[in-house]
Amino acid sequence: MHIDLVPVWTLILAVGVFMYVLLDGFDLGVGILFPLARDDASRTLMMNSVAPIWDGNETWLILGGTALMAAFPLAFAIIIPALYFPILLMLLGLIFRGVAFEFRLKAHSGRRWWDRSFFTGSLVATFFQGVILGDYVQGFAVSGRHFAGGSFDWVKPFPLATGVGLLFGYGLLGATWLVMKTEGDLQARSRTQAKVCLLGVLAFIAMVSVWTPFLQPKITARWFTWPNMAYLAPVPIVTAAIAITLWRSLARGGEFIPFLASMGLFAMCYLGLGISVFPYVVPWTITLWDAASSPGSQAFLLVGTLVILPIVFMYTGWSYYVFRGKVRAELGYH
Amino acid sequence: MELDPVLLSRLQFAFVIAFHILLPAFTVGLASYIVVLEGLYFWRGDSTYLRLSLFWTKMFAVSFGMGVVSGIVMPFQLGTNWSGLSDTAGNVLAPLLTYEGLIAFFLEAGFLGILLFGRKLVPQWVHLFAAVMVGSGTLFSSFWILSANSWMHTPAGYEIIDGRFFAKDWVDVIFNPSFPYRIAHTVTGFYITTAFVVVAVSAWHLRVGQHVAESRRAMSMGLGLLVLLVPLQIALGDAHGLNTLEHQPVKVAAMEGLWETQARAPAVLFAIPDSAGETNRFEVAIPGLASVYLTHDVNGVVKGLKAFPPGDRPPVGIVFWAFRVMVGVGVLMLTVVAWGAWLRIRGRMFESRAYLAVCNFMAPAGFVAVIAGWTVTEVGRQPWVVYGLLRTRDAISPSITGLDVLLSLLMYMAVYAVIFSAGVYYLFRIARAGPPTEVEAHDAKLSERPARPLSAADV
């Protein structure tokens, strides 16, 4: 008997990467909005709203990286070297913003420096995650089992555009998170920022939807042939409905709905991406099944994953529960 | 000049892992120490333990943050620079690394927020539980990472199909022959590193004459642990060395600086190994001693470097000297610990200013030994990445150029220079300030138990 575990691992990896995008997305977004804060007290609040959870969030990135290597090693061996510099710069950005959480609390005169490092690190990490996304959709040059392109292949209009697009996306997640977690003036400003970011995101969704079919005929075939068009019609319709809900909730003073709707918007875009590239894991040459590790490796890791992942979800939820409610200035550690 | 991507990638890996390992070397032990402090405070209610825990938790927070961010870099190195290894050995290695991410890192990162920020938000026993989870998370991390690392040294439980590795028996893969020795030696080394930092910081406060009660308590705890662990570590190191002799004799030959295969092999105390001439210059040696400690028989035969083709030998000088640094620091540690025990028996440990000063300067000792030991084992396994099966030069990503790697290495160096100097600076400042006063700790304690469990966040 032989069970095909590739669909299971595809799902786990997809969920893991999506968890990363959502969770680190909002705390990177808080970093991107950091310089727009009015004063030092607001910045402290913003930082405190994510301080207890950011490193748990970034753990999903490690999981995404190692699970890709474990379940689809060939994809890891082709994609990661192809993204040599975007990954390097993303990591260096994450380093700068990550240490800022601790160093800012310790610094006296250097605090402004770490504020800047938190912002710049978040900005750079987000931009290059967007570049990675764009380059991924555009596809990689492959020969045999290797990446056959150059280390600067990502310097092209589409990846650079998705880099900018993701700044608005994470900005939206960060702003709606702050709407949920803060009060008063900071909340009001975050509400305005969320609206600006939402307009930016919608503009990019429209642009990408028009652009990608020109990039890759396989995407056109997937979305714009009959009967796929009918089956896939709910995707843009639901996306539009979520966007409208988000805008109206922001206008009416909603506190929780905007964050939820922003996550919904990300989920729809992510689903759209999945529909576009499936069944490729290295667009547009290597499928999930070509890249899969041996059934033995996939099964060995699956046993533990199915036990551990639910526990991880449980205590991630618990951590958020403990730190629920509006964030206050005195929540530092003692 | 031609830039070699393999050499530069090796330098880059050595650079990022050397800086990363400094942090687990400190935080693995510190997490356990915090568990002990929190546990003692929970059961005995002595607020000295609380003040010590508050203090060392601050040190932990800064080091752990640096450990997380420098750790994220590590798995991506295997893809960006060593995709040949990922493709060839991913089936075996990646599940181990993923288990590390799953079990350990989540345990640490998930409960770390509660440990650092949650003292006011959760009941005391939950806070203690979070400390235990963070502590065990760091140990599970070490377990999986060292298992993967050990497999590359002593591969077992695998088969090779079409030039790629596949696991046949996961128990054999995980518990490969060098793993028990490596994890025992490494984790003990981490505990010793932390204990020396605790002792050094406490000794400094005692010299200055501040935080006397807390510092005496911490110094006693630290030295008490070291009296057990330093001799144990020397025994574990010997066992690990014998295991290496069995599986990687050429590494041991490089560590010993032995070129000729011989009975009554000498213990070389000092030499400048000359790889081109296949000999040692300025050698000072004790005849027969290496045979005694390597084979436990004065007439035992020890293989020399010349028994292996030059293409299969590691860079001898680096391995030879790194080994001497590690052993030298070990001997120094043993001396300091023995001196401390003697003073303690005579009841003069806290009064001897000379001893406090020496303890003070022992702060970096563990870090030096860890880096030196790591260098011995990792440089000593060259030119192989999977020992005897996959050469390092065949593990490289084929698409990257020397210039790519030079650029990335320079960027890592620039960023780490800033981050690590700032981190060390802040750690020094926290260490100097020392544990909180009775009043500050009292504030933390008063607000520690909310009226209802988990309710404080809503207040």
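**View 1. Strand 4 and strand 5 of chain B pair in the antiparallel sense.** This is a predicted model. Strand 4 covers residues 267-274 and strand 5 covers residues 279-286. Six bridges join the two strands. One of the bridges can be picked out by name: B:Pro273 has B:Asn280, in strand 5, as its partner.

**View 2. A turn closes the hairpin of chain B.** Strand 4 and strand 5 of chain B are separated by four residues. B:Glu278 sits in this turn. The phi of B:Glu278 is positive, about 50 degrees.

**View 3. Chain A and chain B meet in a contact.** Chain B supplies 62 residues and chain A supplies 61 residues. On the side of chain B that touches chain A, four elements give two or more residues: helix 2 (47-80), helix 3 (83-117), strand 2 (164-167) and helix 13 (402-433). Helix 3 of chain B has the largest share, with 22 residues. By type, this side of chain B divides into 40 nonpolar, 17 polar and five charged residues.

**View 4. B:Gly423 lies in helix 13 of chain B.** B:Gly423 counts as buried because 23 other C-beta atoms lie within 10 Å, and the cut-off for buried is 20 or more. Beyond its neighbours within four places in sequence, B:Gly423 is in contact with A:Val99, B:Val62 and B:Met66.

**View 5. B:Gly423 and B:Met66 come together from distant places in sequence.** The two are 357 residues apart along the chain. In space, 7.5 Å separates them, C-alpha to C-alpha. B:Met66 is also one of the contacts of B:Gly423.

Definitions and conventions: Residues numbered from 1 in each chain as written. Chains lettered and ligands numbered in written order. Predicted model: local features only at pLDDT ≥ 70, side-chain atom pairs only at ≥ 80, totals over all residues. Contact = placed C-beta atoms within 7 Å. Nonpolar A, V, L, I, M, F, W, Y, C, P; charged D, E, K, R; others polar. Pairing = 2+ DSSP bridges. Buried ≥ 20, exposed ≤ 12 C-beta atoms within 10 Å, placed from the backbone.
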